[in-house]
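This briefing goes through selected contacts and backbone features of one protein chain. Please keep the sequence and the 3D view open while reading.

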Amino acid sequence: MNTEKYQEGRVVHQVEAIDGHSVEIPILKILKQDGSVYKNADMPVIDKELATKIYKTLAFHRVLDERMIASQRQGRLSFYMSALGEEAASVGSAAGLDDNDMMMAQYREQGALMFRGFSLENFMNQMFSNEKDLGKGRQMPIHYGSQELNYMTVSSPLGTQIPQAAGYAYGQKLKGNKQCTICYFGEGAASEGDFHAGLNMAAVQRAPVIFFCRNNGYAISTPSSEQFAGNGIASRGVGYGIRTIRVDGNDLLAVLKATQDARHYAIENNKPVIIEAMSYRLGAHSTSDDPSGYRTREEEAKYADHDPILRMKNWMLANEWWDETQEEELFEAYRKDVLAAVKVAEVIEKPAIEELITDVYDVAPKHLEQQLADLKEHIKKYPDAYPVTAGRI
């Protein structure tokens, strides 16, 4: 048997096995909850300007999530997914990338898009599926996308973006443009077959992709203890021969440092990296979920003490880069801005129904034209059941 490609271990003459936890995976921590830094911690590249941008993004993220959940409860929005308690993972990783790097998200990484500069109006237009939505109202809320900001449109089926990211990053390598792709997903999505196909392809083809797993403890209502028996998701990276980092996902400085390191490695070596960010989903899976049915208030309170935004704030205060007056003014301004944006976006007309069959074919085929005609007749028959589209039907 050809064993040249395999790392040789000790030669034994009796059966010796290793179990699923034989590989010790260190976890990177830099910032303590009180805002102090661990002794001898290797700090990321960060200055006051970047830190302030990061913190303002975190604040906007928290306010937007809170207000949009309230809007859904009021019946103004059909659906929403927050990232309460996980904000540092998406924002910190986005801050560690170049703006030309591609982002492929799952559905809880709006923080990365916020950091890139996606406007409040664009967020609102997408969620309310109005005629100013970049996606022309074809997606359910929180399925954002922006060609300008290199943020691939979110797709609902879990894990589909993982092999796509491997392929996209391989293309980046062929172009030689010193760019990479970051691919976000949760530990639940890592149970999909696409996860294994994507990681293996990236490893074998040496694609500069960062696989970023948000391990928040739950796949909707299923705790991680019931999803897999191994040592988290990071251990799988080792199995595929991929450089692997585990990080405290509520420690923004650690996430930033890990991503900066991963990006440098991926681009300079044309190899993938997997980062597992350990966090906790403080909110419900979505507005369609009630977590009280599968976990206790005591469990939630325990993890609420690890709020990543408060941790970052404490560090900013300790560095005298932030103060309580700025804090109060920022959050109040964001709350007013978001509420005003909701009132504007919710009354903007919906896209013309003809947009349903555009942008895929140069000329819409006959069968789609017929389906559109049938849909128009159906809507005419039941007009009260559908939104008004500016009288275009």
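Arg10 and Glu16 pair through their side chains in a salt bridge, with an N to O distance of 2.8 Å. The model is a predicted one, and it holds 24 salt bridges. The points below take up some of these pairs, then two helix crossings, and then single residues.

**Salt bridges**

- Arg10, one partner of the bridge to Glu16, is exposed, with a relative accessible area of 64%. That value puts Arg10 in the exposed class because the class begins over 50%.
- Side chains of opposite charge can pair when their charged atoms come close.
- A salt bridge also joins Arg62 and Asp307, whose closest N and O atoms are 3.0 Å apart. This pair links distant parts of the chain, 245 residues apart: Arg62 belongs to helix 1 (residues 48-73), while Asp307 sits in the loop between helix 9 (297-304) and helix 10 (308-318).
- Both Arg62 and Asp307 are buried.
- Arg76 bridges to Glu346, with 2.8 Å between the closest N and O atoms. Arg76 is in the loop between helix 1 and helix 2, and Glu346 is in the loop between helix 11 (324-345) and helix 12 (366-381), so the bridge ties together parts 270 residues apart in sequence.
- Arg76 is partly exposed, at 28% relative accessible area, and Glu346 is partly exposed as well, at 30%.
- Lys136, Arg138, Glu355 and Asp359 are joined into one network by salt bridges that share partners.

**Helix 1 against helix 11**

- The axes of helix 1 and helix 11 come within 9 Å and cross at roughly 45 degrees. The two helices are therefore oblique to each other.
- The crossing of helix 1 with helix 11 is right-handed.
- On the helix 1 side, the contact is made by Tyr55, Lys56, Ala59, Phe60, Val63, Leu64, Arg67, Met68 and Ser71. On the helix 11 side, the residues are Glu327, Leu330, Phe331, Tyr334, Arg335, Val338 and Val342.
- By class, this contact of helix 1 with helix 11 has eleven nonpolar residues, one polar residue and four charged residues.

**Helix 2 against helix 8**

- Helix 2 (residues 87-95) and helix 8 (residues 252-269) have axes that come within 8 Å and cross at roughly 40 degrees. That angle makes helix 2 oblique to helix 8, because angles under 35 degrees would count as roughly parallel.
- Helix 2 and helix 8 cross in a right-handed sense.
- Helix 2 contributes Ala88, Ala89, Gly92, Ser93 and Ala95 to the contact, and helix 8 contributes Leu252, Val255, Leu256 and Thr259.
- The residues of this contact between helix 2 and helix 8 divide into six nonpolar and three polar, with no charged residues.

**Residues with positive phi**

- Asn270 is not a glycine, yet its phi is positive, near 50 degrees. Asn270 lies in the loop between helix 8 and strand 9 (273-278).
- The relative accessible area of Asn270 is 27%, which means that Asn270 is partly exposed.
- Asp359 also has a positive phi, about 80 degrees, although it is not a glycine. Asp359 is located in the loop between helix 11 and helix 12, and it is a member of the salt-bridge network with Lys136, Arg138 and Glu355.
- Asp359 is exposed, with a relative accessible area of 53%.

**Positions in sequence and in space**

- Ala203 is part of helix 6 (residues 193-205). Ala203 and Pro272 are 69 residues apart in sequence, and their C-alpha atoms are 6.2 Å apart in space.
- Leaving out residues up to four places away in sequence, Ala203 touches Tyr240, Ile242 and Pro272.
- Ala17 is in the segment before strand 1 (27-28), and it is exposed, with a relative accessible area of 74%.
- Ala17 and Gln126 are 109 residues apart along the chain, and 52 Å separates their C-alpha atoms.

Definitions and conventions
Residues numbered from 1 in each chain as written. Predicted model: local features only at pLDDT ≥ 70, side-chain atom pairs only at ≥ 80, totals over all residues. Heavy atoms only, no water. Axes fitted to C-alpha atoms, helices over the stretch in contact; angles between N-to-C directions. Helix = DSSP H or I, 4+ residues; strand = E, 2+ residues; numbered from the N terminus. Parallel < 35°, antiparallel > 145°, perpendicular 65-115°, else oblique. Left-handed = near helix turned anticlockwise from the far one by under 90°. Contact = heavy atoms within 4.5 Å. Nonpolar A, V, L, I, M, F, W, Y, C, P; charged D, E, K, R; others polar. Salt bridge = Lys/Arg side-chain N within 4 Å of Asp/Glu carboxyl O. Buried < 20%, exposed > 50% of the residue type's maximum accessible area, 1.4 Å probe, protein only.
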